[in-house]
Amino acid sequence: MQFSPFNVLSLAILLPIVGAGMVWAVTDAGKAAIRLVALATTLATLVLAGYLVLRHVAAAQTADPAAATIDYGQGTPWIEPGPAGGLDVRFAVGLDGLSFWLFGLTALLMVTSVLVSWTAIQERPATFYSLLLLLESGMLGVFAARDVILFYVFFEFTLIPLFFLIGVWGSEERRYAAIKFFLFTLAGSLLTFLGLLAIVIWNYYESGSGVLTFSIPELTRSLAERPMDAALRIGRVAINGQVLVFLALFAGFAIKVPLFPLHTWLPLAHVQAPTAGSVLLAGVLLKIGTYGFLRFSLPMLPEATALCAPWILWLATGGILYGALVALAQGDMKRLIAYSSVSHLGYAMLGIFALSNLGLAGGSLQMINHGLSTGGLFAVVGMLYERYHTREIAQYGGLAARMPWLAFFMLVFTFSSIGLPGLNGFAGEFPILLGMFQRAWSGPPIAGQTQLQVMSVLAVAGVVLGAWYMLWLVKCVFFGPVKEPHVATHSAAHEGHDEPVLPRDLSWREIAALAPLVVFIVWIGVAPQGFIGPMSPALEPLAATDGALFERVWQLEPPADARPAVALFEILPATESAASSLAGEELAGVR
Amino acid sequence: MSRIDLLIVLIPALPLAATLVTAALGRRVLGTASHLPALLATATAFVLSLVLLFDVRREASAVPTQPTATTPSAGYERVVSLWTWANIADAYHGLDVKLLRAGNQPAGELIGAPGTGGFNFSIDVALRADPLTAIMLATVTLVSMLVVIYSIGYMHGDPGYWRFYTYVSLFVFSMTMLVSASNFLLLYVFWEAVGVCSYLLIGFWYQKREAAAAGMKAFLVNRVGDFGFALGVFLIWVTYGTLNFHDVNYHDMLDASDATGPAKVAVTGVLGTTRLLAPASEAYVGGAIGLAIALLLFVGACGKSAQFPLHVWLPDAMEGPTPVSALIHAATMVTAGVYMVARCTPLFLAAPEASHVVAAIGGFTALLAALIAVTQTDLKRVLAYSTISQLGYMFLGLGTASLAGITAGMFHLFTHAFFKALLFLGAGSVMHAMGGVIDMRSFGGLRRKLPVTHWTMFIGSLALAGVVPLAGFWSKDEVLAAVLDKAVAAGEAGESVASLYRTLYWGALFTAGLTAFYTFRAFFWTFYGEERIPPEAGHHAHESPANMIGPLAVLAILSAFVGWWFAMTHGFARLLNLTPSLAYAPLQPEHAAHGGHLTVAAVSTLVACGGILLAAYLYCGDRSEVRALARWFAPAYRLSYSKFFIDPIYNAVVVLPLRGLAAVSYWIDRYVIDALVNLCGYLPLAIGALLRPLQNGVVPFYAMVMVLGMLVLLVGSLLG
């Protein structure tokens, strides 16, 4: 096999599946062998992912534009079009500025996930680690897919292992949580699939090439040349077709993010999931939503993005404040951190839909940051839970004296999470808020500018609340007089298992699980340019196109040619509708 | 790389190295020698700061002192860029901002309009050397070094000895970076970083519930201030299109589309030479935006420098170890707000009303804190309120928006660092001897047990009270004089402004009397009267070891002479005024300073002596008059003793409502939003339940329905 980027990438995606098979194969050799195989697989995948990420970072530094993009080729055909045209579906994978950090983050967090499950998972370890590895394949695949069908397959594929991970290895209410998580996200993603199909079919009719292509780069290019300008007419009402497709995509992606108020599955799933599940859910799976917006909505549906941006910005701002407020009312550590995710992903969405270079750079960085800091927080809480078997904040106190290492990591992740300058959270939040300010207070006057200004200030206020609940958590659990929950003796809890007694403070294995995250947290905080720079070639076109459209469709008194064919929806004059109502529902190009 | 460049990098780098070494080796290797890295780093940093100070002075003296039309002066600065923090292309589109570019671009041309390619958001990790920075660096490293030495004795035997020195080194690093940062982003970074060090050090004895709570409170109140600061920084970006203080020469500041333009284009910094030398109306944005920027920055300063209404965290911060109170919560970190406002002087000059607010808040805080301090019984809290009050004086000076006032404010910062650190370290020495007890009701008459502490604190108290010729006298006197001058000068502008400053002057004078009173009240209560030693002290009630006494003595000498020396030689003012922000032309006095300050000096000295005599009369005897006074003025006494009930008010007005809102939000989350989701989930089930009876498996029923349906169709078609 040739050593091409495509092959390395495919290998990285498929390796965990092979690893899952190997885990099954060594089931009889005992728990130790299973864990080692799983760890070895994730490490090998991390090496491959690291190689790819480094290639991207190196490529971004070359001045030569030809060398700056890595060619992943066209992929392997699945369904090939005939000479007269037809379906064109491929196993096409590739990374670009939008995805390669997320790809690397996934590989990194998988190692953490395996390490935090080391002693926590006592029941059916083979199944557990196989599912975990299958999940890794799915997540890596989502970020690498260059084909709509392939993307959707991976997108849905991530649900199944996680469903079982939560449903089997979760806490008390695991079944309810697993089903709710599964149905909620599935319902949204079915709509997303419809939206994606609509894009593919629209492109088929418009391009006239006779090939029903599912290639994402092809679609992006094609839709940039021929923007989707259909309107759906129902009686006298005409609805902007791009907005409809956007809303369909939005259904799946916004639930995944989760954007307020579609977030209620998240706290439940987080609280019930095993530690590794929480780490991956927060660290990676939520990013699939924001990634979806960046990959599909922004480049393919720029006009709808511009039209819907103010509403999404409101939801993001609402989520920032609401998530922070609800987190303040929690007595359960995992639930508190879960609601903090709603708040933090609100920042990411705010940055993305500010539709400017600053906002997009910050939003994309915030996705990575949240993966590191919240992934780390869930891992730390999981380690506490493994020792004391309770997540209730009130049961704890003064643990810093008992577990200085754990307290140290908790403090670092907390500081990162509350956006302390010098750590990564700040490096993401600052450009986001600056981008939002730029959008709201500078630039040409637009309709609803006051709303944007209110949002920009409210979003900054979220920073104060964010510090409140996180520091409160740290104060209650780690400071004050020592208070340890009563723990049932290990022998009683796990009769017959050869569970090693955990040390009071962190073991080397646990430190190894958390330390890499801390390294990146500091690194991103001190020199974010090294992380933003390689992303920007992919983000700048989005900001340019969508940002300009935003200014155009929302300008005060737009000239006739600047107006979209149909705003969100329009009620047509009665005479015109009489003719079209005969046709009932029809898709018609208005321009 | 010139020597100044090297120094400006080395000074923060040394404490950073000490932090890393102590953190890595402290627990296992260094143990009780954990102070060595910090000691070495701060001592070297202090020496280097002195070298830097003299280098900057030499370089700055070369700049013409008096700006003329032909040779404009914007002071001296030198900037070192280490690495690029972030560089995001095409980030700024300004519309009505002038003077974005100098160089070959004509000033005033609109830059970055849509379609022309905007400015990059380009932020370097850039450090600067100028007189203001050099003075701050010297002050910070000197006090740090003394506190590090003092802590060897004070923290001796503490199980967290290495942790203490890690945090202190980290603080020194952050503070030195804060004062040498050359853009608003870096300033904000270290602004929060010193806040974290403060959080960690207040909560150093984290097993004490009050300590943990105080740390969190400090952080959160500061976050409220930082909220304003951040908004101010964002507005600066939106208004000026850069966050740099200094002018930047960048090849790559141009967008690719402009690549044919001039090779070197200067982007003028917010406080850069180009802007400072330009006509003020073109260089700075006034009006509502200018006012908003200045006031938001001041909100940040209020948080960090504990000004009303964000002063509530500082008294609680006394839960931390006393050397920390001396270093962070008296001498250095809390003055960051003063430093920042002084640094941003041109932004405040652009909106004159902002300066009135600064002066009013400063003056009010000075009075409020002094009123609280007169009844507190915790020695450290008296000093904490005194710090708040003195910081108020500094802001009062800055709020005059005159060169004399700002210089006086900064001079007061400088002298205050020494005598307040001295008083705190003295209080620490008392606390050390009293077995950790700091409530003045529990001890008294300690002057024989603690002779050196007594004498050094006497000097510190005199300096704080503002008695000739100690440090506090000179700087406080200059602040008062500047306020009076401003009142006179403002008389031409408008009667309301003049009366504001006149009120502030009398208020400040009254506060000076209060200051002398509460300072000597605490001093006499602690050291005079009948000798009482609390049982906690055991056999430890003796003078502190040499490593604690030494720093006290050094600070006492400094407190005694530093004000006199610099006030007489004008060395401080002459150097400070070469800072770019202060060499700004609109700030320069039109005529030489008035000579008539002798009256102010005489009046303030009289007031101070009055305060001291009153304290001596009330507190040197059996204090029966005090009890009588407290009874006669019971409501006023209670108001002062309970700190004007500000904490409970905040609790009722801010904390509880937010907690309530949080609870309501959580209720809504479960019973509205999630309930709606579940409702959607049950819809298919409900529809299924509706249709289920139809599938009852009874064949005759199916037949009947079929027949009925056909009948309906038949009838329909017949009728149609």
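Across the interface of chain B and chain A in this predicted model, 19 residue pairs are in polar contact, both members of each pair having a pLDDT of 80 or more. On the side of chain B that touches chain A, at least two residues each are supplied by strand 1 (78-92), helix 5 (184-202), helix 6 (209-240) and helix 25 (646-691) of chain B. Helix 6 of chain B gives the largest share of that side, with 16 residues. Sorted by class, the side of chain B that touches chain A holds 40 nonpolar residues, alongside seven polar and eight charged ones.

The contact as a whole draws 65 residues from chain A and 55 residues from chain B, and between them the two chains bury about 5,300 Å², of which 72% lies on carbon and sulfur atoms. Within chain B, the residues that lose the most area to chain A are B:W85, B:R223 and B:F234, which together account for 13% of what that side buries.

How many salt bridges are counted between chain B and chain A? The count is one salt bridge, and the residues that form it are A:K180 and B:D674, whose closest N and O atoms are 2.6 Å apart.

Turning to chain A, three strands form an open sheet in the order 1-2-3, with mixed pairing. Strand 1 (76-79) and strand 3 (211-213) of chain A are the edge strands, each of them pairing on one side only. Direction ignored, neighbouring strands of this sheet are turned by 40 degrees against each other on average. In general, the strands of a sheet pair through backbone hydrogen bonds, in either a parallel or an antiparallel manner.

Both kinds of pairing involve strand 2 (residues 86-91) of chain A, which is joined to strand 3 of chain A by three bridges, the two running parallel, and to strand 1 of chain A by three bridges, the two running antiparallel. In the parallel pair, A:G86 has A:V211 of strand 3 as its bridge partner, while A:D88 stands opposite A:T213 in strand 3 of chain A. In the antiparallel pair, A:I79 stands opposite A:V89 in strand 2 of chain A. Strand 1 and strand 2 of chain A also form a hairpin with six residues between them, and A:G85 in the turn of this hairpin has a positive phi of about 100 degrees.

A positive phi is also found at A:R124, with a value of about 45 degrees, although A:R124 is not a glycine. This residue lies in the loop between helix 4 (100-117) and helix 5 (125-144) of chain A.

Cis peptide bonds occur in chain A, from A:V257 to A:P258, and in chain B, from B:F308 to B:P309. The table sets out their omega values.

| Cis peptide bond | Omega |
|---|---|
| A:V257 to A:P258 | near -10 degrees |
| B:F308 to B:P309 | near 5 degrees |

As for their surroundings, A:P258 lies in the loop between helix 10 (241-256) and helix 11 (265-272) of chain A, whereas B:P309 is found in the loop between helix 9 (287-304) and helix 10 (313-316) of chain B.

Conventions:
Residues numbered from 1 in each chain as written. Chains lettered and ligands numbered in written order. Predicted model: local features only at pLDDT ≥ 70, side-chain atom pairs only at ≥ 80, totals over all residues. Heavy atoms only, no water. Contact = heavy atoms within 4.5 Å. Buried area = accessible area lost by both parts, 1.4 Å probe. Salt bridge = Lys/Arg side-chain N within 4 Å of Asp/Glu carboxyl O. Polar contact = N/O pair within 3.5 Å; in protein donor to acceptor, adjacent residues only side chain to side chain. Helix = DSSP H or I, 4+ residues; strand = E, 2+ residues; numbered from the N terminus. Nonpolar A, V, L, I, M, F, W, Y, C, P; charged D, E, K, R; others polar. Pairing = 2+ DSSP bridges. Axes fitted to C-alpha atoms, helices over the stretch in contact; angles between N-to-C directions.
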